[in-house]
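Student: I'm new to this one and want to know what the words people use for it rest on. Can we go through them together?

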Amino acid sequence: MRVVKYEDIVKAIRDMIIYSTTHLAPDMKKALEEAYKNEKSEVSKAVLKQILDNAKIAEEEWKPLCQDTGLAIFFVKVGEDVKVEGGSLKDAIYEGTEKGYKEGYLRASTCDCFTRANLKDKIGYNLPPVIYFDIVPGDKIEIEYAAKGGGSENVSRATVLAPAAGKKGIIEFVKKVISDAGPNPCPPLVVGVGIGGSFDYAAVMSKHALFRDIGTKNPDPELAELEEEIKKECNKLGIGAMGMGGTETVLAVHIETFQPGRMCHIASLPVAVNVQCHSSRHAHITI
Amino acid sequence: MAEYKLRTPLRNEDVEKLKAGDIVYLSGVVYTARDAAHKRLVDLINEGKELPFDLEGAVIYYVGPTPPKPGEVIGSAGPTTSYRMDPYAPILIERGLKGMIGKGKRNKEVIEACKKHKAVYFGAVGGAAALIAKAIKSAEVIAYPELGPEAIRKLEVEDFPVVVVNDCYGNDLYEEGRKKWEQQ
């Protein structure tokens, strides 16, 4: 059994949070540069220029790319042959999150649902994070982290379609979500689509799909084709950068399905759409 | 698409020359307020009490910045989504508010209030928070410090880059821009 120290996990999470909220993910940077080249609308091009300039300033000054430094989201794969010494893995993630947000001068963006009070002194600074644990073979701990902003989360949707709706129904649903969202989620966007499983699991998959590097293809050729088709359809909407009208609205569509293959219940076709703004702040580490 | 440099407070003649799609570089004082601060401002109006700042010609920026690092004027300070302020904005516009800076769509009531009382809604680039912070020369909390990032701040800005989304004639850049580039 491999042993990992509690403090090492806290530090790794703290550092990952501070770095990724100030340094635009390289795949997103490349996609935005590409969009800047391809954008046909003058006003959207000017917006993309500001977005790229912002990334440069943020990187140079280690200043948050966006003031909404998000709810902290974690997908954690824990090896069966690894043990944490000095505390629990969950506590280490909480402590690393609090340290990262506090010491990185990031915003404490969690609050009580009803009073809307910021409980940073009671519950903790930007706590709690959302954590999904999975147990896998091996002796490593893999941690994926995203700072997920509210604007793009607010327009994300899940549904359960009738099986007869098929691929056409899925394309229509995603297109409607992006169309209704318009300028609000800060386009250009990455669109995570979870298909299959249950109502809730489709949503989890749609969020996890956002971790895939932009520019990589879905290993299932049929799904890769569906991703391209959805992207093409969404880009016909003309929403453009920050919704000011243009050709580059969706940079990538990433589909995740319920494994093995693309499974679901015989009566259902669950579909969820998680929208990611252009300020994509994703990172992963293996301990 | 014209470009203007404007100084706050805004007058009717400033607002009247602006059209949806124009680029504006704003300088002068801008006040910050989000959901919680808006609720308090409207509560004060309903109770007939004095507001923490003068609304006449004022511009409100919908932002909740990150905390500043030691030596910084302000942290990252990009716009938040504006629709959450829609229930409150018309009451403030009626009482002299001339400009709002945010991102995303406004409802019919806000657009109507802009027409009726000559006000304008500006869009800033969401996520361009480190870049916008450079245009902010000073920041001072003037009300509700207990709200943290949602406190009302008085900002001194210089050439803050914004785009006119809703002008005082009922035009909407989001609708027009999209129509122009939409493919069937």
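Tutor: Sure. Let's start with a polar contact: a pair of N or O atoms within 3.5 Å, where one must be able to donate a hydrogen and the other to accept it. By that rule, 20 residue pairs are in polar contact between chain A and chain B. Keep in mind that this is a predicted model.

Student: Which elements of chain A give two or more residues to the side that touches chain B?

Tutor: They are helix 3 (42-61) and helix 6 (166-181) of chain A. Helix 3 of chain A brings the largest share, 10 residues. By kind, the residues on that side of chain A divide into 20 nonpolar, 17 polar and eight charged.

Student: Why is the pair K134(B) and E61(A) called a salt bridge?

Tutor: The rule wants a side-chain nitrogen of Lys or Arg within 4 Å of a carboxyl oxygen of Asp or Glu. For K134(B) and E61(A), N to O is 2.5 Å. That is within 4 Å, so the pair counts as a salt bridge. Across the interface of chain A and chain B the rule finds two salt bridges.

Student: How many residues does the contact take from each chain?

Tutor: It takes 45 residues from chain A and 44 residues from chain B. The area buried between the two chains is about 3,600 Å², and carbon and sulfur atoms give 58% of it. On the chain A side, Q67(A), Y105(A) and M244(A) lose the most area to chain B, together 19% of what that side buries.

Student: Now inside chain A: what are its domains?

Tutor: The domain assignment gives domain 1 (2-20 + 65-148) and domain 2 (150-279). Their centres, taken over C-alpha atoms, are 26 Å apart.

Student: What makes K148(A) and E153(A) a salt bridge?

Tutor: Same test: the cut-off is 4 Å. The closest N and O atoms of E153(A) and K148(A) are 2.8 Å apart, so this pair meets the rule too. Between domain 1 and domain 2 of chain A the count is one salt bridge.

Student: How much area do domain 1 and domain 2 of chain A bury between them?

Tutor: About 900 Å², with 62% of it on carbon and sulfur atoms. F75(A), E144(A) and K148(A) supply 62% of the area that domain 1 of chain A buries against domain 2 of chain A, more than any other three residues.

Technical notes: Residues are numbered from 1 along each chain as its sequence is written. Chains are lettered from A and ligands numbered from 1 in the order in which they are written. This is a predicted model: local features need pLDDT of at least 70, side-chain atom pairs count only at pLDDT 80 or more; totals for chains, interfaces and linings use all residues. Side-chain values use heavy atoms; hydrogens and water are left out. Domain bounds come from an automatic or database domain assignment. Buried area is the accessible area (1.4 Å probe) that two parts lose on being put together, summed over both. Contact means heavy atoms within 4.5 Å. A polar contact is a pair of N or O atoms within 3.5 Å; within protein, one must be able to donate a hydrogen and the other to accept it, and residues adjacent in sequence count only if both atoms are side-chain atoms. Helices (H or I, at least four residues) and strands (E, at least two) are DSSP runs, numbered from the N terminus. Ala, Val, Leu, Ile, Met, Phe, Trp, Tyr, Cys and Pro count as nonpolar, Asp, Glu, Lys and Arg as charged, and the others, Gly among them, as polar.
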